[in-house]
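Q: Hi! I'm new to this one and would love a quick tour. Could you show me the structure first?

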Amino acid sequence: MKMGHIVRFGVSLDEELLAPFDASCARRGYGNRSEAIRDLIRKALVEESWERDGEECAGTLSLVYDHHRNDLARKLTALQHNDHDIIVATLHVHLDHANCLEVLILKGAPPRVHALADRLCATRGVKHGAFSITSTGKGLA
């Protein structure tokens, strides 16, 4: 997608909202408010796209679990095989003798991606699951 021309517009904010926003911009390393506002707008547009039918999304799912626990690794693998077509890649890391970190890159229709992430996180024995969904980049400037 080709970038359009820059349009300037004004935003009115209460000082009590602007001060923490400016502090957040500084902590995150934004050079100016415009960059931060552009990111907020992109985030809102990406979140809205997840709700539309037919829009493809991408995401990462991180799971921490004890691989010694009751055949858990086999159960997680079986669940992943059921939706192999939306799993782009996986990474398995041994954190210590018992705990593993598995990261999955997912891509597909939001309802399927969310459903797989929910099933894997909810699998008995998973100690922690974190899902972060994003855009494939199509349609974003």
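Q: Thanks! Where in the chain is confidence lowest, and where is it highest?
A: This is a predicted model, so to speak of confidence we use pLDDT, the predictor's score for each residue from 0 to 100. The lowest mean is 83, in helix α2 (residues 33-51), and the highest is 97, in strand β2 (residues 87-94). Helices (H or I, at least four residues) and strands (E, at least two) are DSSP runs numbered from the N terminus.

Q: And what is the mean pLDDT of the chain?
A: The chain has a mean of 89, with 94% of its residues at 70 or more.

Q: Any ground rules before I click around?
A: Residues are numbered from 1 along each chain as its sequence is written, and side-chain values use heavy atoms, with hydrogens and water left out. As this is a predicted model, local features need pLDDT of at least 70 and side-chain atom pairs count only at pLDDT 80 or more, while totals for chains, interfaces and linings use all residues.

Q: Okay, the sheet. In what order do the strands come?
A: The order is β2-β3-β1-β4, an open sheet of 4 strands with antiparallel pairing. Two strands pair if DSSP finds at least two bridges between them.

Q: Which strands stand at the edges?
A: Those are β2 and β4; each has a single partner strand, so one side of each is left without a neighbour in the sheet. From one strand to the next, the twist averages 10°.

Q: What packs on the sheet?
A: Helix α3 (residues 72-82) does, touching β1, β2, β3 and β4, and its direction makes about 165° with that of β1. Helix α4 packs on the sheet too, touching β1, β2, β3 and β4, at about 165° to the direction of β4. Contact here means heavy atoms within 4.5 Å, and the angles, from 0 to 180 degrees between N-to-C directions, come from lines fitted to C-alpha atoms, for helices over the stretch in contact.

Q: Back to the strands: how many bridges pair β1 with β3?
A: There are 10 bridges between β1 (residues 57-66) and β3 (residues 99-108), in the antiparallel sense. G59 has L106 in β3 as its bridge partner.

Q: How many bridges join β1 to β4?
A: 9 bridges do, and those two strands run antiparallel. L63 has G129 in β4 as its bridge partner, and Y65 stands opposite V126 in β4.

Q: What about β2 and β3, how many bridges there?
A: 7 bridges pair them, in the antiparallel sense. A hairpin of 4 residues joins β2 to β3, and L91 stands opposite V103 in β3.

Q: Switching topic: how many residues has the largest nonpolar core?
A: It has 17 residues, and those with the most contacts inside it are L61, L63, L76, L104, L106 and L120. At least two residues of this core come from each of β1, α3, β3, α4 and β4. A nonpolar core is a set of buried Ala, Val, Leu, Ile, Met, Phe, Trp, Tyr and Cys residues joined through side-chain atoms within 4.5 Å.

Q: Which residues does L120 touch?
A: Leaving out residues up to four places away in sequence, L120 touches L61, L63, L76, L79, Q80, L104 and V126.

Q: I also spotted T123. Where is it found?
A: T123 is in the loop between α4 (110-121) and β4 (126-135).

Q: Is T123 buried or exposed?
A: T123 is buried, at 11% relative accessible area. Buried means under 20%, exposed over 50%, and partly exposed in between (1.4 Å probe, protein chains only). Not counting residues up to four places away in sequence, T123 touches L72, L76 and L79. A polar atom of the T123 side chain also lies 2.8 Å from the backbone oxygen of R119.

Q: Last one: what is phi of N70?
A: Phi of N70 is near 25°, a positive value in a residue other than glycine. Most residues other than glycine have a negative phi. N70 is in the loop between β1 and α3 and counts as exposed at 59% relative accessibility.

Q: And phi of D71?
A: Phi of D71 is near 65°, a positive value as well. D71 is found in the loop between β1 and α3 and is partly exposed, at 43% relative accessible area.

Methods
A polar contact is a pair of N or O atoms within 3.5 Å; within protein, one must be able to donate a hydrogen and the other to accept it, and residues adjacent in sequence count only if both atoms are side-chain atoms.
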